[in-house]
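Thanks for asking me to look over this one. My notes follow as numbered points, starting with a small question to get us going.

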Amino acid sequence: MKSAFLFPGQGSQYEGMLYDLPEDPAVKEILEESEEILNISIDSLHTKEALSSTKAVQQCLLIASVSALKVFEKNGLIPHFVAGHSVGAFGAAVASGVISFETALKLVTKRGELMEKAYDLGYGMAVVLGLDEYKLSEIVNELFDEKEPVYVSNRNAPTQITLSGSIKGLEKVIEYVRANGAASAHLLNVSTPSHCPLFQQVSEELMKELDHCDLKNPKIPISSNINSRLLTTADAVKEDLANSICYPVRWHDAVNLLYEMGAKCLIEMPPGNVLSKLAQQAFPLVQTLSVSMNGIDDCLYVMSNQ
């Protein structure tokens, strides 16, 4: 049975998340390295106040996921594929050997800074349940206003889709879809309009940063955020990391590709279990676990018996 590691994105964070990581020397090593790279105490990075910053959220997500990854690697457990949702793609790139953890942490720090600088106030994201991509796109196009723009962004599941843009515009769409077939719709705890054309300049700046990085061809194929294809070259990964911030994350398609490639065991790195729950709902025959919910020992046991 083939396996894949899933790396979560923004929205999975919570206060004190780094205290819930496995107690293992490999985790301690990553935490200490992170403090050295960022010149900041880990204790101050995942407070409620700190996590109001997009930059800190993305730093914490990468630190948490790579910490758990290192425990698997220490035990000689390597997946057949990896995939990361949004900023989780940087964790996937570390897992595949494309970039070092230090490089990834510096990149997500820059990514967060660029995102905050581009749209600091009055923008965000929302999630709509119960409408398919075609219907929701039709509604968003009908209500589109250049002064308060809204775009269809992440396709997390066939009827779980996010929107990005102006808060006022998002609230207008939320009100409309609630009255026209959506099971639910609400704003997300995200302060930036990720994965839409508003972040084109951020994508271009991030590409400049990546041009100065030493990227290697992946040792493990990565399922792309953007086009749901396997990334097998350094250049392909670089384009995916830079461009995904201004393109929708087609997460359901990315996981479906893993399923079609034979991955029947999916293990989610911390924090949380958002991605494993989505996979279980979409592919009930697939074995899904998360380090946060199932514990590192159970995940190691399952991986070692594949």
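1. Is Asp-24 buried or exposed? With a relative accessible area of 17%, Asp-24 is buried, because anything under 20% falls in that class. Please keep in mind throughout that this is a predicted model.

2. Asp-24 has a charged partner: its side chain meets that of Lys-74 in a salt bridge, at 2.8 Å from N to O. Lys-74 belongs to helix α2 (residues 54-74), while Asp-24 sits in the loop between β1 (2-7) and α1 (25-38), so the bridge ties together parts that are 50 residues apart in sequence. Unlike buried Asp-24, Lys-74 is partly exposed, with a relative accessible area of 49%.

3. Another pair worth a look is Arg-155 and Glu-133, whose closest N and O atoms are 2.9 Å apart in a salt bridge. Here a strand is tied to a helix: Arg-155 lies in β4 (residues 150-157) and Glu-133 in α5 (residues 133-143), so the bridge spans 22 residues of sequence. Arg-155 is buried, at a relative accessible area of 11%, and Glu-133 is partly exposed at 27%.

4. For a link between two helices, I would turn to Lys-238 and Asp-211, a salt bridge with its closest N and O atoms 3.0 Å apart. Lys-238 is in helix α8 (residues 234-243) and Asp-211 in helix α7 (residues 200-211), so far along the chain that 27 residues separate them. Lys-238 counts as buried, with 18% relative accessible area, whereas Asp-211 is partly exposed at 46%.

5. Glu-133 and Arg-155 come up again in a network: salt bridges with shared partners join them and Arg-250. In total, the structure holds 10 salt bridges.

6. Stepping back to the overall fold, the protein has 12 helices and 10 strands. Its radius of gyration is 18 Å, close to the 19 Å given by the globule rule for 306 residues, so the protein is as compact as a globular protein of that length. The C-alpha atoms fill a box of roughly 55 × 45 × 35 Å along the principal axes.

7. Of the 306 residues, 55% count as buried. Among contacts between residues at least 6 apart in sequence, 74% join residues at least 24 apart.

8. Finally, the surface and the charges. The accessible surface comes to about 13,400 Å², and 47% of that belongs to carbon and sulfur atoms. The protein carries 24 positive and 38 negative charges, and their mean positions are 3 Å apart.

Note on methods
Residues numbered from 1 in each chain as written. Predicted model: local features only at pLDDT ≥ 70, side-chain atom pairs only at ≥ 80, totals over all residues. Heavy atoms only, no water. Helix = DSSP H or I, 4+ residues; strand = E, 2+ residues; numbered from the N terminus. Rg over C-alpha atoms; globule rule 2.2 N^0.38 Å. Buried < 20%, exposed > 50% of the residue type's maximum accessible area, 1.4 Å probe, protein only. Contact = heavy atoms within 4.5 Å. Areas by Shrake-Rupley, 256 points an atom, 1.4 Å probe, with all protein chains shown as cover. Lys, Arg positive; Asp, Glu negative; His and termini not counted. Charge placed at Lys NZ, Arg CZ, Asp CG, Glu CD. Salt bridge = Lys/Arg side-chain N within 4 Å of Asp/Glu carboxyl O.
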